[in-house]
Amino acid sequence: MAQIIGKVMSKGSFSAFTHAVPVIHGVLDFLCRNFWALCFYDLLLGFVGYFWVSPGGSIEFFFNRIPKGIIGAFSSASILMIIRGLLLLGNHGWGRFSAALLTSFAFLISSAELWVLFMFRCRLSDRILRLFLDTDLREASGFLSEYFFNLRSIGVFVGFLLFSILCHDLFRRAWMRLITFADARSRRFHGIFRSIVLIIFLLGNYASYKLDAISFNRDDSISRLIKVWSVQRKVNDRIRSMEEAIPLADGAVSPSSLPPDRIIWILGESDNKHHSQLYGYPLPTTPNLLKEFENGDLICFSDVICYFPWTIEMMDLLFSPADVKVARSDNPATPLLPMLFRKAGYQVRLFDNQSTLLRLGPLGGDIGGGTIMNSRKLSSANFDYRNDYMEFFDSDLLKKEWPHLSNPSYPSLDIIHLIGMHFPSKNRYPEDFRFFTPGHYRDSKNLSDYELGRIADYDNALRYVDSELKMIFDLVRDEDAIVIYLPDHGELVYDIDSRSGRSFTLDPHPDPAISTFYVEIPMYIFTTTRFRSLHPDLYSRLVAAKDEKFSSAWFSHFLLDIAAIESRFRRPDLSPVSPQWAAPTRPIWCADDYDAWKLPR
């Protein structure tokens with residue numbers, strides 16, 4: 001190799017090319033001849049990796065996750081082996097080159113699966129793919145800097161490469177011994193061995209096919225990512241169904257009683273209620289909210305949960321008065337909440353710092369955009385106004401939109417969608433809001449300095465959001481207004497051990513001990529003095545409802561009650577401020593009753 005490099009550097013371009021050809025041919029030959037090794041060490045690393053990253057070394061986790069991963073990887077490898085064999089028929093140069101590209105692709109896929117496994121402790125699926133694609137440049141840069149350009153991430157790739165070389169040598173030696181052993185035996189041994197391989201191949205692929213038929217969305221193997229286009233097709237079908245339901249909003253009628261002049265819904269992001277002072281957190285992360293609470297202007301709801309700890313799924317539920325199962329179906333023929341408000345005479349505006357209609361995904365579509373945010377037809381039916389740009393910090397968006405926020409047409413509903421504490425939280429606050437450092441958490445669960453820094457970043461971002469809420473409270477303090485803060489979901493921030501994030505929702509049997517931190521969410525309601533004097537009955541019902549077991553999946557009915565809007569789509573039994581409130585069982589994505597599911601087993 002050194003001699004070839006020397007020749008390349010000392011001679012002309014043509015000579016360099018002629019000397020490089022054997023090297024390229026050697027690399028392609030190595031890849032093609034040793035493709036079988038990819039299958040074996042991919043499966044072996046799957047076993048080692050899944051067991052190594054399982055929470056607490058859980059055997060249950062290991063056996064629940066391994067079978068699908070092994071079958072999926074086996075299916076992918078066997079199909080690629082067949083294609084490779086066809087390409088190499090006749091030993092043409094183009095066939096060998098194509099086979100080498102296919103092998104390289106298989107190696108990259110294996111690396112990607114392992115990277116996701118070690119970095120996120122879950123499997124590569126359409127949800128992980130959407131995590132990469134459903135973002136803007138601001139989020140993508142933070143995501144890459146946090147998870148990709150670091151020593152652990154590089155170590156995964158380098159370790160995988162070195163381990164693959166070791167496995168190749170070991171498997172090659174074992175294979176040669178097997179061939180020598182077989183040659184010394186009769187042809188019957190060859191026939192039996194080939195039959196066993198064929199049976200395993202057929203059974204493995206049949207099992208993988210059955211897995212494809214059983215489930216696609218929750219626990220996808222790498223072999224099914226080629227079907228991601230079908231996920232987007234389903235998303236588009238749901239969008240079309242929502243668009244067809246627009247005329248049904250005509251069933252809404254004018255308010256049945258005097259509504260508040262102004263309703264503001266602040267849609268938060270990744271808010272862990274256990275990091276708020278109002279829920280007992282020892283550090284001053286929400287000083288402004290605490291002050292409003294002590295002054296009697298803020299109602300703090302004690303027991304609110306989300307149905308699903310992912311933004312895309314929660315958008316469908318938060319903005320739809322349909323039942324959970326209907327809202328999540330392929331044909332949710334129900335008009336959305338903002339449409340009902342507009343039909344009842346409200347001005348509805350959206351101030352969104354997470355998505356705009358200008359953000360396009362691959363091929364001009366919006367991958368993972370199965371919400372009202374990503375359809376022009378739905379957007380025009382839902383909102384009188386929405387911004388077409390985003391800012392790095394939420395407060396910058398609020399400042400630019402201040403002229404609009406300061407001049408509503410009554411009655412009005414303003415929806416403010418913050419980026420909040422969205423990962424990576426270190427990018428969610430300016431430098432002058434760095435109140436907390438790793439030193440504030442030295443006694444926390446034997447965590448590393450890096451992990452303590454992540455907690456500090458999250459708490460700093462939360463304190464920054466607290467200052468933004470004060471801006472909005474001050475804006476309407478003299479009006480007949482009510483401001484509701486409700487996030488889409490929570491976030492695990494090293495609250496128990498070294499685990500963080502929400503990827504654990506992808507487990508077949510999520511751990512209730514950690515799920516609490518991204519399922520249970522805060523809910524605050526700020527009311528002005530004028531609101532309380534003009535709507536004493538509504539205010540008293542809000543205060544009485546603060547300790548009810550509530551789910552944000554019913555939020556649309558709660559908001560319709562506050563706005564005094566009568567509609568055939570409103571269900572008073574799902575609103576805690578209604579006399580017909582039925583205190584129903586609260587389902588979540590993996591259980592029919594959250595309160596029973598979270599109890600120790």
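Here are some notes on this predicted model, going from the sheet out to a few helices and single residues.

1. Start with the sheet. Eight strands form an open sheet with mixed pairing, in the order β4-β3-β5-β1-β6-β9-β2-β10. The edges are β4 (385-386) and β10 (550-551), each of which has a pairing partner on one side only.

2. Inside that sheet, have a look at β3 (residues 347-352) and β5 (residues 412-417). The two strands run parallel and are joined by six bridges. If you want one pair to find on screen, take Q347, whose bridge partner in β5 is S412. As a reminder, strands of a sheet pair through backbone hydrogen bonds, parallel or antiparallel.

3. Helix α22 (residues 555-562) lies across a good part of this: β1 (262-268), β2, β5, β6 (481-487), β9 and β10. Relative to β6, α22 runs at about 175°.

4. Is helix α19 (residues 512-519) enclosed or open? Seven of its eight residues are buried, so α19 is largely enclosed by the rest of the structure. The buried ones are P512, I514, S515, T516, F517, Y518 and V519. They pack against strands β2 (298-305), β7 (492-493), β8 (500-501) and β9 (520-527), plus helix α23 (594-597).

5. The N-terminal end of α19 has a cap, too. D511 supplies it, with a side-chain oxygen 3.0 Å from the backbone nitrogen of A513.

6. Worth a click: R499, in the loop between β7 and β8. Despite being an arginine in a loop, R499 counts as buried because its relative accessibility is 10%, under the 20% cut-off. Its side chain makes a polar contact with the side chain of D497, at 2.8 Å.

7. How do α11 (residues 287-294) and α18 (residues 449-476) pack? Their axes are 7 Å apart and meet at an angle of about 45°, which means α11 is oblique to α18. On the α11 side the contact uses P287, N288, L289 and E292; on the α18 side it uses R463, D466, S467, L469, K470 and F473. Sorted by class, that contact has four nonpolar, two polar and four charged residues.

8. Last one: M339, in helix α14 (residues 337-343). With 3% relative accessibility, M339 counts as buried. Leaving out residues up to four places away in sequence, M339 touches I246, A249, L378, A381 and N382. Of these, N382 is 43 residues away from M339 in sequence, yet their C-alpha atoms are 4.8 Å apart.

Methods
Residues are numbered from 1 along each chain as its sequence is written. This is a predicted model: local features need pLDDT of at least 70, side-chain atom pairs count only at pLDDT 80 or more; totals for chains, interfaces and linings use all residues. Side-chain values use heavy atoms; hydrogens and water are left out. Helices (H or I, at least four residues) and strands (E, at least two) are DSSP runs, numbered from the N terminus. Buried means under 20% relative accessible area, exposed over 50%, partly exposed in between (1.4 Å probe, protein chains only). Contact means heavy atoms within 4.5 Å. A polar contact is a pair of N or O atoms within 3.5 Å; within protein, one must be able to donate a hydrogen and the other to accept it, and residues adjacent in sequence count only if both atoms are side-chain atoms. Axes are lines fitted to C-alpha atoms, for helices over the stretch in contact, and angles run from 0 to 180 degrees between N-to-C directions. Angles under 35 degrees count as roughly parallel, over 145 as roughly antiparallel, 65 to 115 as roughly perpendicular and the rest as oblique. Ala, Val, Leu, Ile, Met, Phe, Trp, Tyr, Cys and Pro count as nonpolar, Asp, Glu, Lys and Arg as charged, and the others, Gly among them, as polar. Two strands pair if DSSP finds at least two bridges between them.
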